[in-house]
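Colleague: I am new to this structure, so could you take me closely through one small part and then show me, step by step, what lies around it and in the other chains?

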Amino acid sequence: MSNTKLKKADIIFSSYSVAPYEILKLTMNKDKTEVINEILDSGLRGRGGAGFPTGLKWKFMASEQGEEKYIICNADEGEPGTFKDRKLLVEVPRKVISGMAIAAWTTNSKLGIIYLRAEYNYLIPALKKEIEVFDEYAEKFGLDFKVEIFSGAGAYVCGEETALIESMEGKRGEPRNKPPFPINSGYLGKPTLVNNVETFASVSMVCRYGSEKYKSYGTDDQHGSKLFSLSGDSPKEGVHELELGMKISDFVEEFGDGDTKAVQIGGVAGFCIPRKDFDKTIIGEGNTTGGATMIFNSTRSMYNVLHNYLEFFAEESCGQCTPCRVGTQQLLKGIEAVKAGDKPESYLDDLVKLSKTMKITSKCGLGQSVTNSFASIVKNYKEEMLY
Amino acid sequence: MADVAKIIETKVEQYGKDRKALIPILQGIVAEKNYVAKCDMVEIARCLDISAADVYGTASFYSFIEDTEKGKYVIRVCRSITCEMKGKNKILKALEKELRIKLGETTHDKKFSLLETNCLGLCDVGPAMLVNNEPYTQLTPEMIPVIIREHRIKEN
Amino acid sequence: MSTIKLKIDGQTIEVEKGTTILDAAKKINVNIPTLCHHEDLCVSGNCRICVVEVAGRDRLEASCATPAENGMDILTNSAKIRNARKDVVSLLVSEHNTQCTTCYRNTNCELQDLAAEYNVDGDRYLSVLKPNIEVDKSSWSIEKDDSKCIRCQRCVRTCAELQHVNALTASHKGSEMKISTFMDLPFNEVVCTNCGQCVNRCPTGALTERRYFDDVWEAIGDPSKHVVMNTAPSVRVALGEMLGYEVGTRVTGKMVTAMKKMGADSVLDTDFSADLTIIEEGHELLTRLKKVLVDGDSSIKLPMITSCSPGWVKFIEHMFPEYLGHLSTCKSPQQMFGALTKTYYADKKGLDAKDIVSVAIMPCAAKKYEANRPEMNDSGYRDIDAGLTTRELGLMIKQAGLNFQNLEDSNFDSIMGESTGAGVIFGATGGVMEAALRTAYALVTGRSVPFENLNITAVRGTEGIRAASIKIENCLPEWSFLEGVDLNVAVAHGLKNARIIMDEVAAGKSNYHFIEVMGCPGGCIGGGGQPIPTNAEIRAKRIEAIYEEDMSKPIRMSHENPEIVKVYDEFLKEPLGEKSHHLLHTHYRKRNRY
């Protein structure tokens with residue numbers, strides 16, 4: 001495609017020939033605080049969707065005292081439309097584990113756990129092999145850091161860091177109240193750093209290339225590259241590494257099938273951008289950074305799409321807090337009622353308002369995010385909700 | 001027959017004799033029998049010295065911890081929007097036809113259970129499904145009888 | 001302790017670090033509404049009713065779960081908050097069985113209060129109440145109606161944190177999330193002690209006691225039946241809360257009048273059999289001490305532990321069945337009362353026991369189960385026909401149209417209506433111990449316990465486990481084997497503390513001779529059948545009232561109760577004698593722990 005402002009990046013999947021864990025070795029020769037500052041300076045943000053500045057998180061973690069500190073790699077990739085972490089774990093597990101090891105070394109943590117969703121159990125044998133390789137090198141480098149795998153058991157909400165921790169502690173995956181934050185009191189009440197798979201892989205690359213080079217990608221606001229999981233009505237489904245900051249219109253031109261009606265960015269917890277807004281919307285600004293992108297063409301019913309999303313939320317809500325547990329059911333039943341003519345068109349406005357209440361009152365990101373897709377789809381595709 | 005006590009013992013050795021061993025124990029039992037029975041939960045409660053209600057409350061939370069008997073092969077068809085767009089309903093119909101059961105049911109010979117599941121993370125290669133832990137992607141209705149036959153043969 | 005400064009509704013206040021916004025607001029007399037929050041329990045933060053605005057944040061914060069921070073600028077009341085809160089309440093209502101008119105908790109329901117306060121429109125959202133929810137009435141004591149559950153998880157936390165029984169759990173997730181017993185089995189098939197603490201903390205009618213007052217009305221209305229009612233000590237200091245009185249008001253006299261006017265043939269006092277329990281249990285303790293200290297009989301178990309709390313009894317049957325030998329074989333005052341009613345009382349009054357309906361009014365949910373334990377029929381009939389809670393009595397008084405506050409006082413009837421201060425203090429944690437010590441000490445030394453006004457304050461209070469030691473000196477000759485012995489006693493309340501006590505016993509590390517265990521926090525005054533709500537302040541006031549009642553009694557030691565003297569003289573003959581063993585003592589059974 002010519003005339004596109006879409007910029008592909010080749011950071012995370014960049015291939016180069018070095019000895020295993022060479023990046024880790026080189027990083028360990030530096031000063032720990034310097035390394036954390038470099039990550040901070042790079043502007044790298046969490047790649048799981050929440051987008052918290054990684055360097056800042058690591059800084060807090062490093063200042064936590066105590067012998068027992070945990071590094072958790074959040075591989076619970078449950079957001080519909082997301083599969084980049086799967087690809088990372090299959091193709092570049094070494095970069096992921098390196099990132100974890102760098103985290104462990106800079107923050108003086110001794111145990112790392114990869115929380116791997118149950119649906120990815122088939123990745124375990126290969127991962128275990130890579131961990132064995134890592135163990136060898138960790139010993140060589142004198143790094144006291146062990147990596148284990150903990151399997152999830154089928155719960156989208158366990159992608160939320162405190163729910164993930166609850167799950168590791170053998171309990172229901174119900175998100176905790178924050179504060180305290182996991183950095184201060186996480187797994188077993190100890191300082192715990194939770195980062196996404198892609199974040200750890202990105203850290204390895206920041207350490208390899210340096211923050212200046214990393215910053216040269218992306219925009220002033222969002223540095224570096226991001227993996228986008230692309231699926232739906234597109235001839236180029238798969239994982240694409242792109243610089244942040246492109247317009248959706250560029251994205252659609254590159255990846256759409258010529259008949260793109262809507263783009264869902266950020267998974268079902270993200271926003272649905274209608275054709276008319278493609279030109280106005282920039283990926284990474286005002287929307288989430290998880291990178292799950294689903295493309296819908298004009299044959300798709302947005303009512304079906306929304307209904308699918310709401311069924312998902314109503315099932316995966318942990319159920320503890322009122323606005324999410326009941327609100328998701330209300331939104332689902334509500335659009336069904338409007339479609340069936342049992343409730344008037346104006347009821348959709350009531351539902352949008354309700355979704356906004358859910359945003360400001362829900363206990364965790366699940367309930368807080370439902371309004372993103374709900375409001376955007378209802379607003380932009382009202383006709384399809386009615387007929 | 002799965003020796004539940006042995007499974008519990010192994011997991012307790014690895015994770016300790018406390019609550020944090022619970023989910024690995026449940027997963028261990030599911031790996032053997034594809035579900036956790038009432039008596040298993042009581043046994044777990046006894047070994048970890050927690051209440052049976054606590055075991056149940058935790059087990060019932062997770063979609064991959066079944067508490068009713070399932071077939072040897074649990075088929076989980078992804079029902080995410082993109083898999084649906086790619087034809088998941090046809091795949092489901094093909095499975096229902098081949099297995100002669102409806103969604104949610106288990107075959108009479110207890111070989112197969114048919115369930116739907118949320119996003120498997122195989123969106124770019126859908127429609128997708130898991131058979132126990134094995135992923136099957138880019139499914140077509142024609143592939144279904146072949147896959148099922150493969151598993152029936154595995155039996156013998 | 002470091003402090004922090006913050007602004008709430010424009011007012012600057014200083015609070016200790018760690019204070020929640022909810023508690024900080026209380027200091028300036030702002031009551032933020034809550035639902036899942038309960039003072040007795042750990043913070044939950046799941047109902048999302050208590051949300052407040054924090055300047056600079058778009059999202060609202062749960063004030064019960066958010067610690068106040070320096071510089072926070074908080075609004076507790078704004079359009080944004082009210083609209084959000086109204087939505088949340090509306091959602092709860094949409095998930096709820098809104099047939100309030102027929103609900104037991106009608107007019108005393110926290111969801112009702114909020115829905116009314118926020119003028120919620122029940123038709124705003126669709127109903128997501130699941131159809132065909134069956135009410136679990138399998139238990140003698142507790143009733144569970146999931147259609148009224150708001151999933152606040154107070155019951156789960158109560159059973160976990162206060163009672164360490166963990167009979168209830170949140171189960172499933174999403175739209176299927178609910179509060180369940182193990183595998184959603186009926187209550188009578190799971191490990192539950194029937195203590196009813198969950199009922200006390202349920203904000204709605206999802207968990208209530210099984211109710212039998214209609215049966216009692218029927219018996220009262222049946223001319224061929226002779227209805228005997230007995231009331232526990234804790235009822236008289238809490239009943240008033242249901243009838244317009246302040247917490248901690250003693251309404252004994254009016255209570256008796258009311259029950260007479262309701263049509264009971266005889267209104268008697270469980271405190272009488274509390275005194276009786278002391279005689280039997282006191283002698284049992286001394287017998288065990290003799291067997292251990294003099295005879296070296298290793299089959300006799302020490303510490304001896306009280307057995308009048310049926311929630312506690314079921315607890316030890318489930319959790320520590322190998323240690324049942326430690327339980328006193330004495331029945332509870334309720335059951336002793338029942339057994340005597342249909343033998344001694346019937347005899348003395350010239351009645352046929354088969355025509356007697358014995359009704360116990362208790363602060364307790366477990367006593368409903370206790371009354372129906374298969375072995376509780378030593379009189380030849382069911383010893384106690386019906387157990388009612390304080391709450392049910394309050395309801396019956398209202399049903400009878402009595403203007404309670406204007407009733408005159410009356411006295412209990414005889415021959416089982418007299419009691420001492422020792423009998424009344426059974427209601428407070430530490431009361432059984434104190435009553436037992438008053439009598440045992442007097443028996444052994446011929447003197448009263450060496451405490452001012454006989455008040456053994458060492459065993460009083462609300463700390464979970466309290467210990468005391470009394471030196472036995474200058475004994476009467478027949479008790480010389482106790483000369484110089486330091487009698488070590490302990491008191492525990494709440495099953496969490498019962499577990500601690502029993503873990504010590506199981507480990508062989510318990511150095512006590514005698515332990516009082518009450519299943520409910522606070523003792524019986526905090527029982528599962530007492531007026532709702534409950535909190536530490538309410539329980540403290542009820543306890544105060546109990547000790548006031550004790551001081552108001554002319555006789556303060558069980559063995560000096562003339563009716564007690566009479567029942568031994570004319571019927572039982574001697575403590576631990578044959579008649580006592582037959583009617584007043586019982587056995588226990590092993591149950592499953594999981």
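Modeller: In this predicted model, C:V52 stands opposite C:E61, a residue in strand 4 of chain C. The two strands, strand 3 (residues 51-54) and strand 4 (residues 61-62) of chain C, run antiparallel and are joined by two bridges. Six residues lie between the strands of this hairpin, and C:G56 takes a positive phi near 95° there.

Strand 3 of chain C also has a second partner, since two bridges join it to strand 5 (residues 73-75) of chain C, again in the antiparallel sense. Here the residue to look at is C:E53, whose bridge partner in strand 5 of chain C is C:L75. If you then turn to the side chains of strand 3 of chain C, you will find both faces covered, with C:V51 and C:E53 on one side and C:V52 and C:V54 on the other, and all of them buried.

From here it helps to step back to the domains. The domain assignment of chain C gives domain 1 as residues 3-77 and domain 2 as residues 92-209, and the C-alpha centres of the two lie 27 Å apart. Eleven residues from domain 1 of chain C and twelve from domain 2 of chain C take part in the contact between them. On the domain 1 side, the residues that touch domain 2 of chain C are, by class, seven nonpolar, three polar and one charged.

Further along chain C, helix 10 (residues 310-319) offers another buried element: eight of its ten residues are buried, so this helix is largely enclosed by the rest of the structure. The buried residues of helix 10 of chain C are C:P310, C:G311, C:W312, C:V313, C:K314, C:F315, C:I316 and C:M319. They pack against helix 12 (366-371), helix 16 (495-506) and strand 17 (514-518) of chain C.

Chain A provides a sheet with another kind of pairing to follow. Four strands of chain A form an open sheet in the order 3-2-1-4, and the pairing is parallel. Strand 3 (146-151) and strand 4 (192-196) of chain A stand at the edges with a single partner strand each, so one side of each is left without a neighbour in the sheet. From one strand to the next, the twist averages 25°. Inside that order, strand 1 (residues 70-75) and strand 2 (residues 111-116) of chain A pair in the parallel sense over six bridges, and A:A75 stands opposite A:L116 of strand 2 of chain A. Helix 8 (residues 197-209) of chain A lies across strand 1 and strand 4 of chain A, and runs at about 90° to strand 4 of chain A.

For chain A, the domain assignment gives domain 1 as residues 22-215 and domain 2 as residues 302-386, and their C-alpha centres lie 33 Å apart. The contact between these two domains takes nine residues from domain 1 of chain A and eight residues from domain 2 of chain A. Of the residues on the domain 1 side of that contact, six are nonpolar, one is polar and two are charged.

That leaves chain B, which has seven helices and four strands, arranged along the sequence in the pattern α-α-α-α-β-α-α-β-β-β-α. Its C-alpha trace spans about 50 × 35 × 25 Å along its principal axes, and buried residues make up 51% of the 156 residues in chain B.

At the start of that pattern, the axes of helix 1 (residues 4-15) and helix 2 of chain B come within 9 Å and cross at roughly 145°, and the crossing is right-handed. B:V4, B:I7, B:I8, B:T10, B:K11 and B:Y15 in helix 1 of chain B meet B:P24, B:I25, B:G28, B:I29 and B:E32 in helix 2 of chain B. By class, this contact has seven nonpolar, two polar and two charged residues.

Helix 2 of chain B also leads to the neighbouring chain. The contact of chain B with chain A takes 30 residues from chain B and 36 residues from chain A, and the elements of chain B that give two or more residues to its side are helix 2 (22-33), helix 4 (52-59), helix 5 (81-85) and strand 4 (134-136). That side of chain B has 16 nonpolar, nine polar and five charged residues.

How values were computed. Residues are numbered from 1 along each chain as its sequence is written. Chains are lettered from A and ligands numbered from 1 in the order in which they are written. This is a predicted model: local features need pLDDT of at least 70, side-chain atom pairs count only at pLDDT 80 or more; totals for chains, interfaces and linings use all residues. Two residues are in contact if their C-beta atoms, placed from the backbone, lie within 7 Å. Ala, Val, Leu, Ile, Met, Phe, Trp, Tyr, Cys and Pro count as nonpolar, Asp, Glu, Lys and Arg as charged, and the others, Gly among them, as polar. Domain bounds come from an automatic or database domain assignment. Axes are lines fitted to C-alpha atoms, for helices over the stretch in contact, and angles run from 0 to 180 degrees between N-to-C directions. A crossing is left-handed if the near helix is turned anticlockwise from the far one by less than a right angle, and right-handed if clockwise. A residue is buried if 20 or more other C-beta atoms lie within 10 Å of its own, exposed if 12 or fewer, and partly exposed in between; C-beta atoms are placed from the backbone. Two strands pair if DSSP finds at least two bridges between them.
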